[in-house]
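Subject: Structure handover

Hi there,

Here is the structure I promised to pass on to you. Please open it alongside this email as you read.

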Amino acid sequence: MTQHKFNSGYIIAISFISALGGYLFGFDFAVISGALPFLKTTFGLTPWWEGFLTGSLALGCIAGCLIAGALAERFGRRPGLMTAAIVFALSSIGMALSGSLAVFIAMRFAAGIGVGMASMLSPMYIAEVSPASVRGRNVAINQLTIVIGILITNLVNYMLADNGADAWRWMFGLGAVPSLLFLLGVLWLPESPRWLMQVNQHERARRILAKIGDAGFAEHTVDDIKRSINSAKQNAGSFSVWAPAVRGAVVVGILLAVFQQFCGINVVFNYTSTIFESVGASLNQQLFETVSIGAVNLVFTVIAMWQVDKLGRKPLMLAGAAGLSVIYVVLALLLKNQAAASLVSVFVLIAIALYATSLAPVTWVLIAEIFPNHIRARATTVAVVALWAAYFVLVFTFPVLAQTLGAYGPFYMYAGICVLGFLFVRSRVVETKGKTLEEIDMMRH
C-alpha cells in the first residue's frame, strides 16, 4: 500500500473549525440542565411540560437534519454549516428574551434546527476531508467539541446560578458568542472534495485534495471517487437510500443512532438536577454535579479519540454497551435505596466515562463513514433524524416515568436496551478502522 504524505496541521485545523458545530450541540444540550430549576419556577412546569420543553430541541433537530440534507446535496457542505451558525445565534438571543413558555419553546425548537444541521454536517464534512488513517480521530473531534461545549456551559451555569431568578436568560443568551465564532471559521473552510466530484468540479476537488496530502494522494483519491460515482451511476436505483445495495448500511446506521439515545445516558445529562434531587442533594450540589459530569465526559472523550483508530470501532462499542448495562442496574438500586448523593455520583461518573469512550464518539464516526459517497448526505440525514427522534422520546418520557416509577425505575429499562445493543453491534456492525470511504463502500459488493 502506497504511503502518502499529509498536511496534518491543515487537516486538523479544518476538522476543528467544522467541529465547532459540535460545540453548539454541546451548549444547547447542557444549558437546559442548569436552567431547568429556574425555568420550572418561571413557567410553572409540570412533568409533562418539563419533558416537552427539554425535548423541543430534538424536534427542531429533526427539522434541521432534513434542511441540512437538502442543502448539502444541492449547494455543498459549507453553506449548510454557515446557515446552522446563523440560526443558532438568532435562536440563542430569542430564548434569552422569551417572555412566555410558548415563545421559549418556539425559540428552543429554532435552536434545534441549528443544532440538527450542525450535528449532521460537521461529522460528515470531517469524514469527507480526512485521510483513512486518521478519520476516526478527526470525526471524534466533533464529539470532543460537543463535550467541551457541555463542560464550559455547565461551568458558566454554575457561576451564573446565584444571579437571581433571571440567571437562565444569560445562560441561553451567551450561546450567540460561539455561534458567531463558528460562522467566521466556516468562511475559511474549503468545500468537501467528495461533494465537488459529485457535481463535476473535478479540478477544484483535486486542488483541495492536494492541500490535504501529496500529489499522489490527490490523484489516487480522485480516481477512487470517480470509480465510486461511476459504479453508482450504473445502477440508477442505488441513488435511493432504500436500494438493495445500500439498504443494509442504512438500517445499521439508523439502529446505531437510535441505540446511542435509547441507551439512556442523556437523561443523566439533561436531568442531573432531577436525579440528584431524588436523593436529597441541594441545588448547589446538583449544579456542581453537572460540572463533574462535564469534566469526566471531556477526559474520557480525549481517551476515545486516542484509541478509536487503534482499538477500532467495534470493540469500543461492545465494551460501552456491556459496561453500561451493569452500571445502570447498580445505579437503579442506589437510587431506589436512597443512597448518599456522593455514592450515586461515583456510579453516574463511571457511566459517563464508559459512554464517552464508546457510544458517544464511535456512533458519530460510524454514521459518518458507513454510507456510500453518492447517498452519504441523504443516508446521514435519515440516521441523524432517527437519532434525534429517539432523543426526543427519551427526554420527553423520563420526567413522567420518574414520577410514576421513581427516578430509579427507567434505569432498569435502559440496562435491558444496552444488552440488546450489545447483541446488535456484535452481529451487524463491521469494523471500518483504517479503510478509505471508497473501500468501505466496496465491502458491500
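Below are the notes on what was found in it.

This is a predicted model, in which local features need pLDDT of at least 70 and side-chain atom pairs count only at pLDDT 80 or more, while totals for chains, interfaces and linings use all residues. Residues are numbered from 1 along each chain as its sequence is written, and side-chain values use heavy atoms, with hydrogens and water left out.

**Confidence**

The average pLDDT (the predictor's confidence in each residue, from 0 to 100) is 86 for the chain, and 97% of the residues score at least 70. Among the elements of the chain, helix H19 (residues 409–428) has the highest mean pLDDT, 95, and helix H20 (residues 437–442) the lowest, 73. Helices here are DSSP runs of H or I with at least four residues, numbered from the N terminus. Where pLDDT is low, the predicted coordinates should not be read in detail.

**Two helix pairs**

The axes of H3 and helix H4 (residues 101–129) come within 8 Å and cross at roughly 155°. Axes are lines fitted to C-alpha atoms, for helices over the stretch in contact, and angles run from 0 to 180 degrees between N-to-C directions. H3 and H4 are therefore roughly antiparallel (an angle over 145 degrees). H3 passes H4 in a left-handed crossing (the near helix is turned anticlockwise from the far one by less than a right angle). By class, the contact of H3 with H4 has 16 nonpolar, 6 polar and 3 charged residues. Here Ala, Val, Leu, Ile, Met, Phe, Trp, Tyr, Cys and Pro count as nonpolar, Asp, Glu, Lys and Arg as charged, and the others, Gly among them, as polar.

For helix H11 (residues 244–262) and helix H17 (residues 359–369), the axes come within 10 Å and cross at roughly 160°, so H11 and H17 are roughly antiparallel to each other. The crossing of H11 and H17 is left-handed. Residues of H11, including Gly253, Leu256 and Phe259, meet residues of H17, among them Leu359, Trp364 and Ile367. This contact of H11 with H17 has 8 nonpolar, 3 polar and no charged residues.

**Buried residues**

Asparagine 297 lies in helix H14 (residues 283–307). At 2% relative accessibility, asparagine 297 counts as buried, a term for residues under 20% relative accessible area (1.4 Å probe, protein chains only). Leaving aside neighbours within four places in sequence, asparagine 297 is in contact (heavy atoms within 4.5 Å) with Val147, Ile150, Phe269, Ile352 and Ala356.

Threonine 381, in helix H18 (residues 376–405), is also buried, at 9% relative accessibility. With the same neighbours within four places left aside, the contacts of threonine 381 are Cys65, Leu66, Gly69 and Met120.

Leucine 318 is found in helix H15 (residues 313–336) and counts as buried at 18% relative accessibility. Leucine 318 and leucine 359 are 41 residues apart in sequence and 8.8 Å apart in space, C-alpha to C-alpha.

**Loops**

Most residues other than glycine have a negative phi. Asparagine 200, in the loop between helix H8 (193–198) and helix H9 (202–212), has a positive phi, near 65°. Asparagine 200 is exposed (over 50%), with a relative accessible area of 59%. Glutamine 338 also has a positive phi, near 55°, and lies in the loop between H15 and helix H16 (341–356).

Best wishes

Conventions:
Angles under 35 degrees count as roughly parallel, over 145 as roughly antiparallel, 65 to 115 as roughly perpendicular and the rest as oblique.
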